[in-house]
Amino acid sequence: MTLGCSVVDDEVVVVGSNSGRDAHPAWYLNLLDRPQVTVRMGRDRFDAVARTATGDERHRLWSRIVADAPVMAGYQQGTDRTLPVVVLGRR
């Protein structure tokens with residue numbers, strides 16, 4: 001699957017926006033059950049563990065994501081759920 005991402009402080013960050021729909025995307029629900037993933041960015045490929053950012057970390061990452069992709073703010077405004085910010089940490 002191809003997914004847009006941001007690189008923040010050497011961590012890959014993705015958002016479960018589902019284009020602002022009211023349900024989490026299936027890939028996010030799958031990560032909750034099985035957080036071990038393989039990430040490929042260009043020629044770089046690595047194993048990672050996915051975790052959902054919370055609290056201050058989520059706030060910091062969300063600010064950066066919205067700066068990189070302003071459409072995310074609109075997606076958040078279109079739903080009552082909090083869009084999950086997922087950090088893919090290298091194993």
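Which residue stands opposite Val 37 in β4? In this predicted model, the partner is Ala 48, and this pairing is a handy way into the sheet that the strands build.

The sheet is an open one made of 5 strands, and reading across it gives the order β1-β2-β5-β4-β3, with antiparallel pairing. At the edges stand β1 and β3, the latter covering residues 36–41. Each of these two has a single partner strand, so one side of each is left without a neighbour in the sheet. Neighbouring strands are not lined up exactly: on average they are turned by 40° against each other, with direction ignored.

Now for the pairings around β4. Strand β4 runs from residue 44 to residue 52. With β3 it pairs in the antiparallel sense, over 6 bridges. Besides the match of Val 37 with Ala 48, Thr 38 has Asp 47 in β4 as its bridge partner. β3 and β4 also form a hairpin with 2 residues between the strands, and here Gly 42 takes a positive phi near 60°. β4 pairs with β5 (residues 85–90) as well, again in the antiparallel sense and over 5 bridges. In that pairing, Ala 50 stands opposite Leu 88 of β5. As a general point, side chains in a regular strand alternate between the two faces of the sheet.

At the other edge of the sheet, strand β1 takes in residues 6–8, and Ser 6 is part of it. Is Ser 6 buried or exposed? Its relative accessibility is 8%, and because the cut-off for buried is under 20%, Ser 6 counts as buried. The side chain of Ser 6 makes a polar contact with the side chain of Asp 68, at 3.3 Å. Leaving aside residues up to four places away in sequence, Ser 6 touches Glu 11, Val 12, Val 13, Ile 65 and Asp 68.

A second serine, Ser 17, sits in a loop, the one between β2 (11–15) and α1 (26–33). Ser 17 is buried too, with a relative accessible area of 9%. Again not counting residues up to four places away in sequence, Ser 17 touches Met 72, Tyr 75, Arg 81 and Leu 83.

Then there are the aromatic rings. How many aromatic pairs does a search of the whole structure find? The search turns up 1. In this pair, the ring centres of Trp 27 and Tyr 28 are 6.3 Å apart and the planes are at 85°, so the pair is edge-to-face. Trp 27 is buried, and Tyr 28 is as well.

Rings also turn up alongside arginines. Which ring does the charged end of Arg 90 sit over? That ring belongs to Phe 46, and the charged end is 3.8 Å from its centre. Arg 58, for its part, lies over the face of Trp 62, at 5.0 Å from the ring centre.

Definitions and conventions. Residues numbered from 1 in each chain as written. Predicted model: local features only at pLDDT ≥ 70, side-chain atom pairs only at ≥ 80, totals over all residues. Heavy atoms only, no water. Helix = DSSP H or I, 4+ residues; strand = E, 2+ residues; numbered from the N terminus. Buried < 20%, exposed > 50% of the residue type's maximum accessible area, 1.4 Å probe, protein only. Polar contact = N/O pair within 3.5 Å; in protein donor to acceptor, adjacent residues only side chain to side chain. Contact = heavy atoms within 4.5 Å. Phe/Tyr/Trp six-rings, centres within 6.5 Å; stacked < 30°, edge-to-face > 60°. Lys NZ or Arg CZ within 6 Å of the ring centre and 35° of its normal. Pairing = 2+ DSSP bridges. Axes fitted to C-alpha atoms, helices over the stretch in contact; angles between N-to-C directions.
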